[in-house]
Amino acid sequence: MKRIVFVLLCFSCIAAAQQKSESRDERVEALLKKMSLEEKIGQMTQVDYDAIKKQTGDIATYSLGSILWGGNSEPPSMKPNAWWEISDAYQDLAQKTRLSIPLLFGIDAVHGHNNVDGTVITPHNIGLGATRNPELVELVGRMVAAEVRGTGIQWTFAPCIAVARDERWGRTYESFGEDPGLVKELGAALVKGFQSERLSNPGSVLACVKHYLADGGTTNGKDQGNSEMDEATLRRLHLPGYVEAIKAGAMSIMASFSSWNGQKMHGNKYLLTDVLKGELGFKGFVVSDWAAIDQLPGSYKEQIALSINAGLDMAMIPNAPGDKNNYLEFMQLLKELVNENRVPMSRIDDAVRRILLVKFQMNLFANPSRDNKLTAAIGSKEHREIARDAVRQSLVLLKNEKGFLPLSRNLKRIHVAGRGADSIGMQCGGWTISWQGSSTLKLDGATTILQAVQQTVSKDTKVTYSIDGTGAAGAEAAILVVGESPYAEMFGDSMDLSLSKEDQAIIETMKSSGIPFAVILLSGRPMIINQALKASNAFVAAWLPGTEGEGVTDVIFGNFKPVGKLPHSWPRTMEQIPINVGDPTYDPLFPYGYGLTYSK
Ligand code: BGC
Ligand code: BGC
């Protein structure tokens with residue numbers, strides 16, 4: 001009897017689900033039928049906040065589909081209320097259009113809701129890669145989604161599922177690691193975290209998996225460069241992450257600036273349409289990267305034709321009217337292309353269908369605004385705890401001579417030094433408040449490593465601090481925090497990953513003082529560290545941990561045993577790069593997966 005009831009229940013669930021999705025498809029079709037060509041093209045257009053803010057009337061005039069905040073697009077303030085006030089106001093404008101199609105707001109929430117002051121900044125993906133913990137990564141995604149939705153934004157351009165094969169690449173930290181298996185597991189976890197079981201949940205954000213395809217495989221690690229490899233290698237290294245992300249429900253994908261064997265991805269019909277939408281059965285929509293269409297061959301009109309015909313569904317357009325290749329030009333030229341039969345109407349309908357489907361799935365028509373409870377939870381203690389856990393699980397212990405770590409909380413005196421010790425900016429790296437990040441950043445609610453040390457030690461322990469390492473004499477132990485200054489994208493491409501002169505000097509100073517010390521490296525990738533490693537008593541790779549400095553001291557003072565494992569093979573020299581697990585000759589300083597822990 002029970003069994004029969006169960007079977008009946010299952011049937012009715014399936015029937016209900018089918019009905020729901022049928023009615024959703026029907027709603028998409030019904031709406032599409034009502035739309036003019038101009039309205040359809042409007043839905044395919046995504047405009048940057050900086051370009052639209054002076055003529056917000058265009059939102060309604062052109063029924064724009066989406067607004068983004070680029071890394072440097074600045075609202076009047078960087079606090080949460082500035083963002084939701086704008087998103088609410090713009091959404092109202094969209095409501096007033098003939099068909100009241102809601103806007104989709106997108107932002108690069110790539111390690112927390114990182115453009116907004118007072119939010120929780122989590123480790124960059126490279127650190128998440130070191131945790132090897134998909135459940136944790138999913139939880140991080142859920143937390144970030146709540147913060148993003150709390151500002152009225154429903155879409156994050158994340159996760160980046162690049163498989164970073166060359167540490168010279170400035171975006172290495174945006175990738176979970178060098179191994180496709182790791183990337184695919186954690187990429188899917190982050191998608192699930194962002195989107196939850198249902199996109200219609202008020203705390204879900206739409207994920208945007210990027211950058212399709214092989215952004216991390218370019219020759220010499222050049223950003224936006226050329227990935228030179230045969231198709232079998234392309235599929236083996238760079239495709240699995242997409243297969244898994246689509247299975248996990250990802251409904252948007254960003255095309256890559258880069259090329260495959262000389263052909264720009266934004267014009268690659270085989271990979272965008274045949275493989276992604278055909279073979280992999282991707283039902284969501286493909287968005288371009290920032291003005292990336294403009295890099296295709298030909299006039300702007302030809303570039304638009306090439307990309308839309310290749311399978312691009314939405315164009316990300318940063319330029320304002322008056323500038324070259326702005327959104328008004330885009331819409332005008334695309335309309336001409338349709339009227340001249342150079343872009344088929346069926347292609348436009350396919351693109352708009354995909355975009356509308358997502359808007360329906362997210363229930364934006366019924367509920368375009370934000371949930372006040374989510375706004376109130378931005379930067380909360382509960383959210384910070386999740387990020388702190390991610391930080392401590394991401395730390396990789398590379399050296400620990402004679403059990404130097406963990407340090408006792410009861411030492412008489414500890415000296416803390418280095419450029420990174422009291423720098424939220426260095427802890428966070430690029431994509432924090434501004435596109436490139438900044439060493440001198442101050443953020444509401446953030447904790448530097450120095451502050452975390454001060455909070456952790458016993459009340460009788462004296463903590464002294466100097467940036468350059470001087471004044472350490474008399475301390476029982478020292479903690480040096482060194483590493484990279486913030487950067488993003490091509491600005492981080494580098495042929496020399498050795499520690500800066502300043503960092504090397506401070507290590508020398510400390511070594512000659514005779515005080516035993518641990519080095520904490522804040523960096524977006526492995527660096528060339530041989531001398532520093534030799535000189536130190538302990539060495540920790542902390543990646544770009546974000547705002548929760550206590551996650552670092554949890555490990556340093558032994559509240560938490562290190563569990564992090566290297567997401568990259570650690571090179572001995574620059575000449576060894578590219579070096580990746582599985583290479584036929586493989587002699588790294590530390591192999592992929594390396595990481596010590598405490599014995600006690
Ligand atoms: C980056 C993308 C990012 C976009 C929007 C581009 O320059 O390559 O990763 O999502 O800008 O900020
Ligand atoms: C970034 C944007 C950023 C812009 C600055 C792009 O490449 O990804 O988000 O605001 O450059 O010009």
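In which loop is Leu213 found? In this predicted model, Leu213 belongs to the loop that runs between S6 and strand S7, the latter spanning residues 226-227. The peptide bond that leads into Leu213 from Tyr212 is cis, with an omega of about 5 degrees. A cis peptide bond also connects Lys210 to His211, where omega is near -5 degrees, and His211 itself is placed in strand S6, which comprises residues 209-212. The loop between S6 and S7 further contains Gln224, whose phi, near 60 degrees, is positive although Gln224 is a residue other than glycine.

His211 also leads to the surroundings of ligand 1, since it is listed, together with Asp108, Arg171, Lys210 and Asp289, as one of the closest of the 13 residues that surround this ligand. Both partners of the cis bond from Lys210 to His211 are therefore included among the closest neighbours of ligand 1, where a residue is counted as near if one of its heavy atoms lies within 4 Å. Polar contacts to oxygen atoms of ligand 1 are made by several of these side chains: an N or O atom in the side chain of Asp108 is found at 2.5 Å from an oxygen atom of the ligand, a polar side-chain atom of Asp289 at 2.6 Å, and an N or O atom in the side chain of His211 at 2.7 Å. Of the 310 Å² that ligand 1 exposes when taken alone, 96% is buried by the protein. The shell around ligand 1 is made up of seven nonpolar residues, one polar residue and five charged residues, and the ligand sits in the second largest pocket.

For ligand 2, the surrounding residues are Gly70, Gly71, Asn72, Trp290, Trp431, Trp435 and Glu489. By class, this shell divides into three nonpolar, three polar and one charged residue. Because residues of its shell are given both by domain 1, which covers 40-376, and by domain 2, which covers 395-564, ligand 2 lies between the two domains. The backbone takes part in the polar contacts of this ligand, in that a backbone N or O atom of Gly71 lies 2.5 Å from an oxygen atom of ligand 2, while a backbone N or O atom of Asn72 is placed 2.9 Å from an oxygen atom of the ligand. A side chain contributes as well, with a polar atom of Glu489 at 3.0 Å from an oxygen atom of ligand 2. The protein covers 79% of the 310 Å² of accessible area that ligand 2 has on its own. The space that ligand 2 takes is the second largest pocket, and the second largest pocket is likewise where ligand 1 sits.

Two further local features concern loops elsewhere in the chain. Arg419 is located in the loop that links strand S14, residues 413-417, to helix H17, residues 424-428. A polar atom of the Arg419 side chain lies 2.6 Å from the backbone oxygen of Gly483, and the side chain of Arg419 is also joined to that of Asp503 by a polar contact of 3.2 Å. Trp543, in turn, is placed in the loop between strand S18, residues 538-541, and helix H21, residues 550-556. Although Trp543 is not a glycine, its phi is positive, at about 55 degrees.

Note on methods. Residues are numbered from 1 along each chain as its sequence is written. Chains are lettered from A and ligands numbered from 1 in the order in which they are written. This is a predicted model: local features need pLDDT of at least 70, side-chain atom pairs count only at pLDDT 80 or more; totals for chains, interfaces and linings use all residues. Side-chain values use heavy atoms; hydrogens and water are left out. A polar contact is a pair of N or O atoms within 3.5 Å; within protein, one must be able to donate a hydrogen and the other to accept it, and residues adjacent in sequence count only if both atoms are side-chain atoms. Accessible areas come from the Shrake-Rupley method with a 1.4 Å probe; for residues, only the protein chains shown count as cover. On a 1 Å grid over the protein atoms alone, a cavity is a set of points where a 1.4 Å probe fits but cannot get out, and a pocket is an open set with protein on both sides within 12 Å along at least five of seven lines; lining residues have an atom within 4 Å of a point. A molecule sits in a cavity or pocket if more than half of its atoms lie within 2 Å of its grid points. Ala, Val, Leu, Ile, Met, Phe, Trp, Tyr, Cys and Pro count as nonpolar, Asp, Glu, Lys and Arg as charged, and the others, Gly among them, as polar. Domain bounds come from an automatic or database domain assignment. Helices (H or I, at least four residues) and strands (E, at least two) are DSSP runs, numbered from the N terminus.
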